[in-house]
Amino acid sequence: MTTNYPGYTQNNAAFFEILMEGLKGEVPDGSFWDAVADDATFEFEYRIPGFPFQMSKAQYFEWFKTYPIALRADHLWVYKDSNKHTLIMEYEVHGRDGQYNNRFCSIVTLKNHQISYWRDYGDSLQMAN
């Protein structure tokens, strides 16, 4: 994975690595951000005050550039529906300090081997704390 790309930091690299592992064979190798179409939409089914329900690629990229928690990620499960060009990825993300643990379910729609739509589900209470 390309980690010398704006938006990758020591804090968030493990997050992007597990996502690219789940997307392997569906999008070109390299950067997560290169795998995202310019007009992609990200939706977040979180209930955190001040956190938006929806972001564009550019907004999500800017948000991640300053992500404050050092992460590690594991327990990836991937379910594919080739006919609908959709993947469902389940994975866990943890703060390296042990203070943060969360499980996510991401539903990803692909178009022309790029991410066109991303819907994320996670434990809002874990994120808010």
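Hi everyone, let's start with charges: the count of salt bridges in this structure comes to eight. Before I go through some of them, please keep in mind that this is a predicted model.

Take R47 and E45 to begin with. They form a salt bridge whose closest N and O atoms are 3.3 Å apart. Are the two partners buried or exposed? R47 is exposed, at a relative accessible area of 58%. E45, on the other hand, has 19%, and since the cut-off for buried is under 20%, E45 counts as buried.

Next on my list is D74, which forms a salt bridge with R72, again with 3.3 Å between the closest N and O atoms. R72 has a relative accessible area of 40%, so we call R72 partly exposed.

Then there is E92 with R103, where the closest N and O atoms are 3.4 Å apart. What does this pair tie together? E92 sits in strand β4 and R103 in strand β5, so the salt bridge links parts that lie 11 residues apart in sequence. E92 is buried, at 17% relative accessibility, while R103 is exposed, at 62%. And here is one for those of you who like graphs: salt bridges with shared partners connect E43, E45, R47 and R119 into one network. So E45 and R47, the pair I opened with, are both members of that network.

Now for the rings. How many aromatic pairs does a search of the whole structure find? The answer is 24. I'll show you two of them. F44 and Y46 make a tilted pair, with 5.6 Å from centre to centre and 40° between the planes. Both rings belong to buried residues: F44 has a relative accessible area of 1%, and Y46 comes in at 8%. The other example is W63 with Y67, an edge-to-face pair at 5.4 Å centre to centre, with 65° between the planes. Here W63 is partly exposed, at 33%, and Y67 is buried, at 14%.

Let me move on to helix α1, which covers residues 13-23. Why do we say this helix is largely enclosed by the rest of the structure? Because nine of its 11 residues are buried. Among them are F15, F16, I18, L19 and M20, and the small residues A13, A14 and G22 are on the buried list too. What covers those buried residues? The cover includes the helices α2 (32-35) and α3 (57-65), along with the strands β3 (71-81), β4 (86-95), β5 (101-111) and β6 (114-122). Just after the helix, G25 takes a positive phi of about 85°.

I'd like to finish with one residue of that helix, L23. Its relative accessibility is 0%, so L23 counts as buried. Which residues does L23 contact, if we leave aside its neighbours within four places in sequence? They are F32, L87, M89, V108, I115 and W118. For a sense of distance along the chain, take L23 and Q114: they are 91 residues apart in sequence, yet their C-alpha atoms are 9.8 Å apart in space.

That's my tour, from the salt bridges through the rings to the helix. Thanks for listening, and I'm happy to pull up any of these residues on the screen.

Conventions. Residues are numbered from 1 along each chain as its sequence is written. This is a predicted model: local features need pLDDT of at least 70, side-chain atom pairs count only at pLDDT 80 or more; totals for chains, interfaces and linings use all residues. Side-chain values use heavy atoms; hydrogens and water are left out. Buried means under 20% relative accessible area, exposed over 50%, partly exposed in between (1.4 Å probe, protein chains only). Helices (H or I, at least four residues) and strands (E, at least two) are DSSP runs, numbered from the N terminus. Contact means heavy atoms within 4.5 Å. A salt bridge is a side-chain nitrogen of Lys or Arg within 4 Å of a carboxyl oxygen of Asp or Glu. Rings of Phe, Tyr and Trp (its six-membered ring) pair if their centres lie within 6.5 Å; planes under 30 degrees apart count as stacked, over 60 as edge-to-face and the rest as tilted.
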